[in-house]
Structures are given as structure tokens and as C-alpha cells.
Amino acid sequence: MTYKENIGIIGHPIGHSKSPIFQQVALDYHNIQEKFTAWDISDEELPKIVEHFKSKNFIASCITLPHKLNIMKYVDNLTETAKKVGAVNWIFNNKGKLTGHNTDCSGFIRSLKDQTGLNPNSKNALVFGAGGASRAIVYGLKISGINSITISNRTIENAEKIASDFSDKNFLVNVINFEKTQIDKVASDVDLIVNTSSLGMTGGPAPNTSPIYSNSIRKSIVGYDIVYAPIETPFLKEIKSSGGITGNGISMLVYQGIEGFEMATGLNAPVEKMFEAFRKA
Ligand code: ATR
């Protein structure tokens, strides 16, 4: 079998990425004779790889750190989702024209439904954190028909910015301080809590801390943590001990890639095989 280099991932560093492993499984499954390539690209090298992306046979590239924002100025079009999220994690080539898209939102929703069984339609959610991941999650929940979202964040201005970007005449994103009394009040009335803050992350600012504790969490709530190291974060432990259902960000990572593969090729991804390859890697 001969392989070309018309699909892959760019980032810096890129050596740790598992994407080439689980994406290759999908290419091979469909007998697509391509090698899912990992390109280690610095900021200075971006224009050069973009030229390659525009070449005749080029299909698509996944975009990871630190290029998710910078790549936006090199593409010809941005999808509505990429514009709203303000970041691109996939680009697709169509006859030399590049479209930037973001699959973190749909990847999150697919992961949430798959792991917890929760359909966000008409539900109420509390979201901790107001960074880039929070934007993707708030937008994903909004387009899935969520009834209400409240963002709780240490720096209130960051939450207010997301709220104003996603609120419209039919949909209001609320904002509260990162303060127990306010958090408890909202938590008593939601179906879903998502942690997008770095609390609980190995090597992060507060690895042993949860944004909320079990005595403030309703039974049978769904809790999802985008932090995936450790697999069971302090937040997910609290959800479990209050009798809730948990989901973690590992499968969001795989699903954002699955969504990208499906858009790039127009084919259904072999989801189970891709997860199996990811787990083994
Ligand atoms: P990402 O882009 O991956 O979402 P980020 O932009 O660094 O990452 O966002 C991290 C989130 O964790 C932010 O909401 C941050 O709060 P601020 O907006 O106040 O910075 C939150 N966070 C980080 N450390 C925290 C801490 N020690 N206590 C509470 N929140 C914290």
C-alpha cells in the first residue's frame, strides 16, 4: 500500500498526540490510501504548511495547540461554528479553498450523550470556567436546545463576555460569581454540571480541588469534566458520591476527531474501532 500525505494534524509539540493512531484506523477501515500525518509546525512555519493544505489532493487537517487561533487568518472561510467558538480545530480543503471549522462543540455533545445518556434539549446547566473550552461547550449546549446555562467563574468579566456573545432574544446565559452560596442556589435546580475550569487537573493550579462538593449536588445529576487527567477528577468523585452520573473529557477528544474525519471524508467513522485504538495507544 502506498501512502500520501494529504490528511493529518498540526501542532507544536505534536509527539504526544494520539490522533494519528486512531485516525489511521478509520482511514484503513475505509481503504483510503493515506497516512494520517503528524506535522510539528512552529508559528513561523504556518504559512508554508498552509500552501501544502491548498494543494490539489489535500483533504483536511486537525489543528491543535498552539495554532487554533492563528490558523484563522489563513483560511478562506470560517463556518458559523468556528466564528462563534472563536477557534478552529479542523480545516478542510475544497479545490484550493480552505474552510476552518470547530468540532469541539459537537464532539462534546456526542461524548455527553454517549457517556451519560443525557440529551441537553430543554435541560438546565451550570458550567464552571470561562476559557476557550467553556465557549465551545456553551455553544454546543445552546445549539442542542438547552433551556438555560449559568456560568460560574473566578473572573466574572470572562464569564460575562461569553454570556454576551451567546445570549440573544430567545436565550439568556446567566453569570454568577465563583462563590458557594450562589453556586449552591443554581446547583439545586440544574440537570447538568460541566467543569471546564482547570480545577482538579493534574499539574494544574489546584489538583485536589473540586468546584462543587457532594452536599451541594442533587442526586441523579449528570456531571461532566473536560479535564481528563486524572480520569476520575475530584469533581467527578463528588458527583459519584452524590449518586450522579459522570462523563469525562477523554471521549470528547476522540469524538472531535471522529466528527472531523466524517466531515473530511463524507464517510461514517468506525467509532468503536477508533476508541479501541485510542485506548491501546
Ligand atoms: P481553556 O482555554 O482550556 O478553557 P483557560 O483559558 O486557561 O483554559 O481557562 C481556565 C479556566 O479555569 C478559567 O475559567 C479560569 O478562571 P479565570 O477566568 O478566573 O482565569 C479557571 N481557573 C484556573 N485556575 C483557577 C483557580 N485556581 N480557581 C478557580 N478557577 C480557576
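**View 1. Serine 251 is buried in this predicted model**. The relative accessible area of serine 251 is 7%. That value falls under 20%, so serine 251 counts as buried. Serine 251 sits in helix α9, which runs through residues 250-265. Beyond residues up to four places away in sequence, serine 251 touches Ser111, Gln115 and Phe275.

**View 2. Asparagine 6 is a buried residue of strand β1**. The strand spans residues 4-11. Relative accessibility at asparagine 6 is 8%, so this residue also falls under the 20% limit for buried. The side chain of asparagine 6 makes a polar contact of 3.2 Å with the side chain of glutamate 34. Glu34 is also among the contacts of asparagine 6 outside the four-place window in sequence. The others in that list are His52, Asn57, Phe58, Ile59 and Ala60.

**View 3. Polar atoms of the protein meet oxygen atoms of the ligand**. The side chain of asparagine 153 places an N or O atom 2.7 Å from an oxygen atom of the ligand. At glycine 132, a backbone N or O atom is 3.0 Å from a ligand oxygen. At serine 198, a polar backbone atom lies 3.1 Å from an oxygen atom of the ligand. On its own, the ligand has 640 Å² of accessible area, and the protein covers 66% of it.

**View 4. A shell of 14 residues surrounds the ligand**. Ala130, Asn153, Arg154, Thr155 and Asn158 come nearest. By residue type, the shell holds 5 nonpolar, 8 polar and 1 charged. Asn153 also appears in the previous view, where its side chain has an N or O atom 2.7 Å from a ligand oxygen.

**View 5. The largest nonpolar core contains 30 residues**. Inside this core, Phe108, Leu141 and Ile149 have the most contacts. Several helices and strands each supply at least two core residues. The helices are α4 (104-116), α5 (132-143) and α6 (156-166). The strands are β7 (124-128), β8 (148-153), β10 (192-195) and β11 (222-225). Which element gives the most to this core? Helix α5 does, with 5 residues.

Conventions: Residues are numbered from 1 along each chain as its sequence is written. This is a predicted model: local features need pLDDT of at least 70, side-chain atom pairs count only at pLDDT 80 or more; totals for chains, interfaces and linings use all residues. Side-chain values use heavy atoms; hydrogens and water are left out. Helices (H or I, at least four residues) and strands (E, at least two) are DSSP runs, numbered from the N terminus. Buried means under 20% relative accessible area, exposed over 50%, partly exposed in between (1.4 Å probe, protein chains only). Contact means heavy atoms within 4.5 Å. A residue is near a molecule or strand if one of its heavy atoms lies within 4 Å of it. A polar contact is a pair of N or O atoms within 3.5 Å; within protein, one must be able to donate a hydrogen and the other to accept it, and residues adjacent in sequence count only if both atoms are side-chain atoms. Accessible areas come from the Shrake-Rupley method with a 1.4 Å probe; for residues, only the protein chains shown count as cover. Ala, Val, Leu, Ile, Met, Phe, Trp, Tyr, Cys and Pro count as nonpolar, Asp, Glu, Lys and Arg as charged, and the others, Gly among them, as polar. A nonpolar core is a set of buried Ala, Val, Leu, Ile, Met, Phe, Trp, Tyr and Cys residues joined through side-chain atoms within 4.5 Å.
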